[in-house]
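Trainee: Please take a close look at the salt bridges here, and go through them one pair at a time. After that, add whatever helps to place them in the rest of the fold.

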Amino acid sequence: MKQRKTLPMDQQYGNHGQPGVNMPLKFKNEIIGVVGITGDPNKVTPLASLLKTAVELLLQQKQENEQEHEIEKVKQRFIYRWINVSKYQDPQLDSELVEEANHLNINLGKQRRIIATAGSSQIIKNLKLDQKPIIFSLTNHIELIILSSKYQETYIQQKLEHQEIEYGISNWGNLLGRLTEQAVATLRLSNIFGKPSFRYYSQISFTSFVKLS
């Protein structure tokens, strides 16, 4: 590690050191450890090189996964605030929310539509879309799919029907809190009435009650 280079050992070293090769492990241009393989250096050096590369790639992938996980946590907290703020007012009037949205590259003024699904929407996360919808777990039993285009809606609705997942769809708008209430109300009333054909809030908007708990 001090010499910052590969050190082959052609013969036994001390009481326990075996012939082999030692290679420095690098992460973010720093030496963080050593990978060593015993044996004839001429034979094991290629194996050590492969192992070194594999370990460095695993470390890099681990860091990227942790960063993605942290970004997702930040995003989920933001969406929770976004929903609650926009139940009562235009979210663009909340300066802190606007600043967070800009940091996450989210347009608060964009027209959106929400699909509330009963159960997990993991299949949505795996869909191959040019623009991924925003997924948010509202409760243990309801997940929201926040759409920004008609294409997303048509494609995802087909997938939900194919998987026989219950869902309800809000109107279009930019008040995410109200859209959430619409989508959840549609989902729940379609179950109460036993009418899976009730998919859109416009079909059940004559009602006025909804609970998100």
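**Salt bridges and their surroundings**

Mentor: Arg81, Asp94 and Glu100 are joined in a network of salt bridges. Keep in mind that this is a predicted model. The structure has nine salt bridges, and the pairs below are among them.

Start with Glu153, which appears in two pairs. Its side chain meets that of Arg113 in a salt bridge, with N and O 3.0 Å apart. Arg113 belongs to strand β4 (residues 113–118) and Glu153 to helix α4 (residues 150–163), so this pair ties together parts that lie 40 residues apart in sequence. What is the relative accessible area of Arg113, and is the residue buried or exposed? Arg113 has a relative accessible area of 10%, which makes it buried. Glu153 is buried too, at 0% relative accessibility. The cut-off for buried is under 20%.

The second pair of Glu153 is with Lys150, where the closest N and O atoms are 3.4 Å apart. This contact stays inside helix α4: Lys150 and Glu153 are three residues apart, or about one helical turn. Lys150 has 49% relative accessibility and counts as partly exposed, while Glu153 is at 0%. Glu153 therefore has one salt bridge that reaches strand β4 and another within its own helix.

Next comes the pair of Arg199 and Glu166, a salt bridge with the closest N and O atoms 3.5 Å apart. Both residues sit in loops: Arg199 in the one between α5 (176–192) and α6 (201–204), Glu166 in the one between α4 and β7 (167–169), so the contact ties together parts 33 residues apart in sequence. Arg199 is buried, at 9% relative accessibility. Glu166, at 29%, is partly exposed.

Charged residues also turn up in the lining of the largest pocket. That pocket holds about 240 Å³ of space and is lined by 14 residues. By class, five of the lining residues are nonpolar, five polar and four charged. Asn105, Arg112, Lys132, Ile134 and Ser148 lie nearest the centre of the pocket.

For the rest of the fold, look at the sheet toward the start of the numbering. Three strands make an open, antiparallel sheet in the order β1-β2-β3. β1 (7–9) and β3 (30–38) are at the edges with a single partner strand each, so one side of each has no neighbour in the sheet. From one strand to the next the twist averages 25°. As a general point, strands of a sheet pair through backbone hydrogen bonds, either parallel or antiparallel.

How many bridges join β2 and β3? Strand β2 (residues 20–27) pairs with β3 over eight bridges, and β1 pairs with β2 over three. Asn22 is a useful marker across the sheet: Leu7 stands opposite Asn22 in β2, and the bridge partner of Asn22 in β3 is Gly36. Further along, Leu25 stands opposite Gly33 in β3. The hairpin of β2 and β3 has two residues between the strands, and Lys28 there takes a positive phi near 55°.

To return to your request, the pair to inspect on screen is Arg113 and Glu153, at 3.0 Å. Arg113 is buried at 10%, and Glu153 is buried at 0%. Then turn to Lys150, the other salt-bridge partner of Glu153 described here.

Note on methods: Residues numbered from 1 in each chain as written. Predicted model: local features only at pLDDT ≥ 70, side-chain atom pairs only at ≥ 80, totals over all residues. Heavy atoms only, no water. 1 Å grid on protein atoms, 1.4 Å probe; cavity = no way out; pocket = protein on both sides within 12 Å on 5 of 7 lines; lining within 4 Å. Points joined across faces, edges and corners; volume = space filled by probe spheres on them. Nonpolar A, V, L, I, M, F, W, Y, C, P; charged D, E, K, R; others polar. Salt bridge = Lys/Arg side-chain N within 4 Å of Asp/Glu carboxyl O. Helix = DSSP H or I, 4+ residues; strand = E, 2+ residues; numbered from the N terminus. Buried < 20%, exposed > 50% of the residue type's maximum accessible area, 1.4 Å probe, protein only. Pairing = 2+ DSSP bridges. Axes fitted to C-alpha atoms, helices over the stretch in contact; angles between N-to-C directions.
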